[in-house]
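This report describes how two chains meet and how the parts within them are arranged. Please keep the sequence and the structure in view while reading.

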Number of protein chains: 2
Amino acid sequence: MVGGSVPVFDEIILSTALMNQVISFHSVSGTLVCQAGCILEELSQYVEARGFVMPLDLGAKGSCHIGGNVATNAGGLRFLRYGSLHGTVLGLEVVLADGTVLNCLSALRKDNTGYDLKQLFIGSEGTLGVITAVSIQCPPKPRAVNVAFLGCPGFAEVLQTFSTCKGLLGEILSAYEFMDAECMWLVRHHLHLTSPVQESPFYVLIETSGSRAEHDAEKLNDFLEQALRSGLVTDGTVATDQMKLKALWALRERISEALSWDGYVYKYDLSLPTDTLYDLVTDLRARLGSQAKHVVGYGHLGDGNLHLNVTSEAFSRSLLDALEPYVYEWTAGHRGSVSAEHGLGFKKKDALHYSKPPAALRLMQQLKALLDPKGILNPYKTLPAQA
Amino acid sequence: MVGGSVPVFDEIILSTALMNQVISFHSVSGTLVCQAGCILEELSQYVEARGFVMPLDLGAKGSCHIGGNVATNAGGLRFLRYGSLHGTVLGLEVVLADGTVLNCLSALRKDNTGYDLKQLFIGSEGTLGVITAVSIQCPPKPRAVNVAFLGCPGFAEVLQTFSTCKGLLGEILSAYEFMDAECMWLVRHHLHLTSPVQESPFYVLIETSGSRAEHDAEKLNDFLEQALRSGLVTDGTVATDQMKLKALWALRERISEALSWDGYVYKYDLSLPTDTLYDLVTDLRARLGSQAKHVVGYGHLGDGNLHLNVTSEAFSRSLLDALEPYVYEWTAGHRGSVSAEHGLGFKKKDALHYSKPPAALRLMQQLKALLDPKGILNPYKTLPAQA
């Protein structure tokens with residue numbers, strides 16, 4: 001997305017693909033220790049066979065490595081329920097710039113001995129050290145999973161539905177995703193998917209994960225009844241079987257693929273206060289007019305994370321100039337983050353100052369100089385070049 | 001506990017007691033931003049009145065400051081459910097050693113712009129900077145809370161009961177605490193509390209927190225039925241009303257107070273693999289014999305956290321020599337942590353190497369030198385003096 005792992009000039013690429021072994025798994029605590037090159041989906045299958053799930057899940061699961069997930073602090077679809085990797089990663093083994101192996105591969109849930117060094121490497125995109133092994137806390141596998149797909153008449157109703165469902169679904173809510181009508185048009189037009197509900201300005205996907213099917217169904221039904229009765233939701237469908245569940249998730253997960261069929265894509269991954277999250281999309285549609293083919297908004301609403309995407313037939317310099325720095329300034333003006341979960345990499349490193357003050361940037365540069373004095377680890381990435 | 005905030009030689013004490021204002025609270029997302037001197041219990045009351053709870057709770061809540069909680073990465077009673085402060089703290093404002101104000105007081109759930117600097121200060125015990133404000137994610141207040149207090153015939157049954165209850169209580173399980181028979185003797189003898197169940201070698205306190213009382217009660221009853229039928233549990237009682245609930249929690253929470261009435265107390269706060277967690281207590285009883293008045297074990301079993309306490313009439317050098325480094329070596333031999341949630345402070349800083357390798361210790365010293373070159377921030381603490 002931001003080219004964090006793509007060579008730009010003279011870099012040497014280091015692959016961890018052969019470091020793909022599970023080191024240990026504890027079947028009571030759910031602690032998984034594995035090498036960095038393990039593929040996320042394979043780890044998921046491994047722990048699911050043992051009654052657990054990985055605390056993260058994302059569209060790229062079939063190819064992404066757990067080491068890369070940790071290095072980029074990947075967010076994804078389970079963030080709302082299980083939280084950030086800063087909380088679920090228990091330990092790391094990291095090779096430092098001078099070749100030292102830093103073994104902080106603890107399998108303990110709690111450890112307050114000195115500074116929590118592993119945190120430095122989570123989300124630093126390989127610029128401070130190379131992650132070679134990961135210890136991670138896996139939650140128990142939910143016995144019942146339900147997905148509801150709903151149509152909402154406006155963004156205000158999307159927000160109110162979120163409040164209502166937090167109240168009524170409580171601890172079983174595991175995802176709250178939204179997409180606008182243009183996203184639905186894109187997946188129908190380019191991927192020939194079918195919408196399971198009436199045409200609406202907005203769509204919401206809600207997932208519940210719980211330990212007892214009948215309790216979860218009762219909570220979900222009560223919520224749907226209230227949401228429909230109060231007009232927050234105009235149409236909806238619920239899935240409990242695997243096939244239909246996957247079909248509903250596909251509508252949300254394959255938006256990115258549909259966009260790539262639409263032309264050149266300008267991608268932004270923003271954190272914004274949920275109340276004003278969609279204003280930027282509306283604002284940009286007016287600003288860009290016919291310059292853009294599509295301006296769409298979707299994402300992890302439960303986490304305040306907007307994926308804003310703009311398409312045009314081909315790359316256009318003037319369209320890019322209309323987008324940047326406008327999008328970044330708008331985000332900074334709303335005290336948001338110009339990169340919620342994708343990281344900065346090469347393309348967005350110079351946008352860092354929109355979300356972090358000079359003192360923070362200075363400390364980041366100092367940490368980089370301390371840990372990688374020769375600048376050999378993922379150079380040209382994450383931090384802007386020093387003045 | 002480890003004297004982290006107590007002056008030892010020539011330090012100047014900095015109080016944040018007057019920095020006790022809530023800066024903002026967002027009633028949909030549950031994000032609280034407040035000054036560092038706010039008292040945890042007051043924050044709890046503030047957010048509970050608005051339908052949320054603090055993600056941490058501990059015995060000292062009536063006096064401890066949120067800034068200190070974050071600086072020491074406090075664990076406590078809700079860790080099992082809501083996880084570590086590394087996951088729930090969203091942002092910090094920190095004053096660095098040179099007086100720079102580092103404003104990373106983000107209220108966003110997701111922010112991948114550059115290194116996650118706040119993590120450096122969580123658990124570094126004030127040795128890298130002074131936390132002046134905290135932004136923290138509060139989970140919704142559970143509508144129903146139940147507590148079960150159970151007697152178990154042995155530690156193996158305590159462990160099996162944990163597995164059973166994770167399976168049947170699932171997402172509503174919010175605490176799994178254990179205490180041994182000697183702990184019960186101490187709270188009965190010194191504090192005149194009454195045991196609500198038959199005398200047993202071990203006791204377990206289970207708390208559930210959920211969004212729907214009848215579902216939670218059904219899950220809890222099914223669990224209790226199975227635990228009693230299979231002999232994992234020999235006696236038990238359940239509380240749903242506030243008074244009885246508090247009385248049951250008091251048995252566990254007031255152990256520390258009862259110990260202080262028993263004589264001089266040698267305190268250890270260890271993380272160990274749950275399977276072997278209690279072996280150390282048994283082992284020490286045999287090793288110390290009549291030298292010790294009491295050797296007791298209790299703690300947050302769900303997190304692998306053992307509070308091991310030894311009492312004697314008065315301080316005894318030979319008893320201390322029998323305990324240290326034996327306890328640390330035993331813990332290191334089981335790949336545990338010599339400080340699970342209490343930190344190192346002054347008393348345990350030299351035990352750091354039992355849980356962290358030399359490369360980690362070196363990097364910690366480098367970070368300290370970078371952030372506090374003159375060594376003015378909480379000196380003599382956390383890290384051993386450099387050779």
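## Interfaces and sheet

Across the interface of chain A and chain B, 46 residue pairs are in polar contact, both residues of each being at pLDDT 80 or more; a polar contact is a pair of N or O atoms within 3.5 Å, where within protein one must be able to donate a hydrogen and the other to accept it, and residues adjacent in sequence count only if both atoms are side-chain atoms. The model is predicted, with local features needing pLDDT of at least 70 and side-chain atom pairs pLDDT 80 or more, while totals for chains, interfaces and linings use all residues. Residues are numbered from 1 along each chain as its sequence is written, chains are lettered from A and ligands numbered from 1 in the order in which they are written, and side-chain values use heavy atoms, without hydrogens and water.

Helix 14 of chain A contributes 10 residues to the side of chain A that touches chain B, the most of any element there; helices (H or I, at least four residues) and strands (E, at least two) are DSSP runs numbered from the N terminus. The salt bridges in this interface (a side-chain nitrogen of Lys or Arg within 4 Å of a carboxyl oxygen of Asp or Glu) include one between E341(B) and K110(A), at 2.8 Å from N to O.

The table sets the chain interface beside that of two domains of chain A, whose bounds come from an automatic or database domain assignment. Contact means heavy atoms within 4.5 Å, and buried area is the accessible area (1.4 Å probe) that two parts lose on being put together, summed over both.

| Interface | Residues in contact | Buried area | Salt bridges |
|---|---|---|---|
| Chain A and chain B | 85 residues from chain A, 86 residues from chain B | about 6700 Å² | 10 salt bridges |
| Domain 1 and domain 3 of chain A | 9 residues from domain 1, 7 residues from domain 3 | about 520 Å² | 0 salt bridges |

The C-alpha centres of domain 1 and domain 3 of chain A lie 29 Å apart. G76(A), L80(A) and E125(A) together supply 60% of the area that domain 1 of chain A buries against domain 3 of chain A.

In chain B, 7 strands form an open antiparallel sheet in the order 9-6-8-7-11-12-10, strands being paired if DSSP finds at least two bridges between them. Strand 6 (residues 144-152) and strand 8 (residues 202-210) of chain B pair over 9 bridges, with V145(B) opposite S209(B).
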